[in-house]
Amino acid sequence: MSVNFGTKRLVVGAHYGFRDWLAQRVTAGLMALFTLLVLAQVVFTRGPIGYDTWAGIFAAQWMKVLTFVVIVALLYHVWVGVRDIFMDYIKPVALRLVLQIFSIVWLVGCAGWAIQVLWRL
């Protein structure tokens, strides 16, 4: 008989735990650093902050790339969280699959929209 509790617990499954935990922390850290960078640019900007100032902050190519990397990190952060919620609380497999597919399509659409906003395609 196998023991499935305490220190002798049999661990089975996809082993997503640590990788997802680490991904959540890394993406959250990246988003926090980006937020501080943008806040610093806003705080140290002289004069009124209008459209021109915001457009100027995001005009440099490196800032567009960094912003897109942070958006991808945000989308992955959201996907890990939503997927975990679905796996924990949505028991019917078909419903869970439909919700996961909808979430993936929605997040890919958000990524496409971000590309359009950043590079005005």
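Which residues does Thr67 touch, not counting residues up to four places away in sequence? In this predicted model, they are Phe34, Phe58 and Leu118. Thr67 is placed in helix 3, and it counts as buried because its relative accessible area is 7%, where the limit for buried is under 20%.

I turn next to Lys64, which also lies in helix 3, the run of residues 61-89. Lys64 is buried yet forms no salt bridge. The nearest side chain of opposite charge belongs to Asp52, 14 Å away. With neighbours within four places in sequence left aside, the contacts of Lys64 are Phe58, Ala59, Leu118 and Trp119. Phe58 and Leu118 thus appear for Lys64 as well as for Thr67.

Phe34, a contact of Thr67, brings us to helix 1, where Phe34 is buried. The other buried residues of this helix include Asp20, Ala23, Gln24, Thr27 and Met31, and further along Val38 and Val42. The buried residues of helix 1 pack against helix 2, residues 51-57, and against helix 3. As for length, helix 1 has 27 residues and should span 39 Å at 1.5 Å a residue; its end C-alpha atoms are 39 Å apart, so the two values agree.

Finally, the surface. Phe18, Trp21, Leu22 and Val26 make a nonpolar patch of about 430 Å². Trp21 lies in helix 1, residues 17-43. Is Trp21 buried or exposed? Neither term applies: its relative accessibility is 43%, so Trp21 counts as partly exposed.

Key
Residues numbered from 1 in each chain as written. Predicted model: local features only at pLDDT ≥ 70, side-chain atom pairs only at ≥ 80, totals over all residues. Heavy atoms only, no water. Helix = DSSP H or I, 4+ residues; strand = E, 2+ residues; numbered from the N terminus. Buried < 20%, exposed > 50% of the residue type's maximum accessible area, 1.4 Å probe, protein only. Lys, Arg positive; Asp, Glu negative; His and termini not counted. Salt bridge = Lys/Arg side-chain N within 4 Å of Asp/Glu carboxyl O. Contact = heavy atoms within 4.5 Å. Patch = residues over 30% accessible without salt bridge, like charges linked within 9 Å, V, L, I, M, F, W, Y side chains within 5 Å. Areas by Shrake-Rupley, 256 points an atom, 1.4 Å probe, with all protein chains shown as cover. Expected span 1.5 Å × (residues − 1).
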